[in-house]
Amino acid sequence: MAIITFNRAALALTLSALAACGWSGSESTPSTVASSSATGSAPKTIAGIQIVGAPIKVFDHTTDQQQPNNIPDAQVTAWREADGTVDLLIPHFESYRMRGPDLEHLTMDVNEIYSSTLSASQIPETLYSYHHWMMGPYSLDGVTFYTLTHSEWYACLLNNNCNTVAPGGSSAQLNSWANTLNSLTSADGGASWQLNIVAGNHVVARTAYTWTGSEALSQQIYLHALNHTGMFGPSRVIMEGVYFYSIAYYIHRDFTQINPAAGIYEAPIDKSGYVILRSNDLADPNSWQAWTSGSTYEPIANMDFGVFEPQQGGSSANAGSPQIIYDTNARCFIFTYAVYQGGGAVYYMTSKSLASPSWSAATAIVGTAALTTDPAGPVVGFTADNYPSTLDDSSSGFNYEFTDGSPQLFFSTFPGIYGGNNLARDLYRIQLSITYQ
């Protein structure tokens, strides 16, 4: 994804003060968890998460990179094919995968699995098909897969001036960034992908500001100020009950407040935060809903989103792309993220349910703030641009939804932090250990 820091509005949902995650027996569990947890055993509670061991390089740009845009540019996810082959997605708008018998023995597949340049790159805004990042393939049979995408489009495309550097060194492209979520599908175990079109539509969340025909476009306000909008960076898809869930980040701006004649070029953010999405039919991009409050979900088209943000030190964290996994011992969902400020930890929150979410306070994963995340820098600690993601090789099924207490944390380097070549990114993994009470 393009590099940007989200300007968080103070619209955070008050998070419940759950100290740890257990199971009361009243909430619904993911329908596939029964085979992953001990029948009749009492749930544990999470006491903490910490790193153990040292980082191991997974993707080495000097040997594995197939083209400049073959880089880890979002949180990585994995899946299993029907024959048990493990695939690790290297996400970008030019998409590749690594393959092997498990997450610890992967080699680069030289075949590109999706090219936005060849299959998308359509300039008209309303086609919603310019650059797609696949964010978490999901399957029920290991053959047919679906994925949500983080899909970028830029208003500057309509004026053919995306290479313009705005005053202050900002980017016309990022300043005019409009983001949607879309649906792609694969019928061959993830070897190739195409738009998942149902009833003439492949768009899951059409929530970005529409630039075409607007004053904002004619006045080219993106040459002066940041005006990115939409739904960004969805997590992996994960199942609870009969629904498939994902968590993305939402930014809405009030473009009625711009006044180019008076030098007011930035539309103020009036709502932002994480949004929980769900569908009972992954094959239908028209079926997705968004959480509003309590246990209520409404169609995304209603634009009624119950946004939330992690609370750290009494204020909303400037947090990045989320990831989520289900702990079969504590029987709860673990939500992980990092903040945009440099040198920080990876944090986690928990909730017993996504159908009726109630999040714990944010807690640091012990050891992450002191970890050397890029020896070339050297860089210590995490930012959101490291795209931390949790995966557990012992997870059952095709989709790496679960952990039994020993997940691994995958993360990308980000050489741009210290002035390096940002296309020279490597991917690492490090072992985590969850302790229980």
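**A pocket, two sheet regions and a serine loop**

The second largest pocket has a lining of 13 residues, and those nearest its centre are Val203, Val204, Arg206, Ile300 and Ala301. The model is a predicted one, and in it this pocket holds about 180 Å³ of space. Strand 12 (residues 203-205) supplies the largest share of the lining, with three residues. Sorted by class, the lining comes out as nine nonpolar residues, three polar ones and one charged one. As for how such spaces come to light, rolling a probe the size of a water molecule over the atoms shows where empty space is left.

Next comes strand 23. This strand, residues 346-351, is mostly covered, with six of its six residues buried. In a regular strand, side chains alternate between the two faces of the sheet. Here Val346, Tyr348 and Thr350 point one way, while Tyr347, Met349 and Ser351 point the other way, and all of them are buried. Strand 23 has an antiparallel pairing with strand 22 (residues 332-338), made over six bridges, and in that pairing Ile334 sits opposite Thr350. Strand 23 also pairs with strand 24 (residues 363-364), again in the antiparallel sense, over two bridges. Tyr347 has Ala364 of strand 24 as its bridge partner. Thr350 and Tyr347, then, both take part in bridging, yet their side chains point opposite ways from the strand.

An open sheet is found elsewhere in the model. Its four strands run in the order 1-30-29-27, with antiparallel pairing. Strand 1 (46-59) and strand 27 (389-391) are the edge strands, each pairing on one side only. From one strand to the next, the twist averages 30°. At the strand 27 edge, the partner is strand 29 (residues 408-412), and the two pair in the antiparallel sense over three bridges. Within this pairing, Leu391 stands opposite Gln408 of strand 29. In general terms, the strands of a sheet pair through backbone hydrogen bonds, either parallel or antiparallel.

That leaves a serine in a loop. Ser295 lies between strand 17 (289-293) and strand 18 (296-299). Is Ser295 buried or exposed? Its relative accessible area is 51%, and the cut-off for exposed is over 50%, so Ser295 counts as exposed. Even so, Ser295 has partners from further along the chain: neighbours within four places in sequence aside, Ser295 is in contact with Ala355 and Ser356. Ser353 makes a similar point about distance, as 58 residues separate Ser295 from Ser353 in sequence, while their C-alpha atoms are 9.7 Å apart in space.

Terms used: Residues are numbered from 1 along each chain as its sequence is written. This is a predicted model: local features need pLDDT of at least 70, side-chain atom pairs count only at pLDDT 80 or more; totals for chains, interfaces and linings use all residues. Side-chain values use heavy atoms; hydrogens and water are left out. Two strands pair if DSSP finds at least two bridges between them. Axes are lines fitted to C-alpha atoms, for helices over the stretch in contact, and angles run from 0 to 180 degrees between N-to-C directions. On a 1 Å grid over the protein atoms alone, a cavity is a set of points where a 1.4 Å probe fits but cannot get out, and a pocket is an open set with protein on both sides within 12 Å along at least five of seven lines; lining residues have an atom within 4 Å of a point. Grid points are joined across faces, edges and corners, and a volume is the space filled by probe spheres set on the points. Ala, Val, Leu, Ile, Met, Phe, Trp, Tyr, Cys and Pro count as nonpolar, Asp, Glu, Lys and Arg as charged, and the others, Gly among them, as polar. Buried means under 20% relative accessible area, exposed over 50%, partly exposed in between (1.4 Å probe, protein chains only). Contact means heavy atoms within 4.5 Å.
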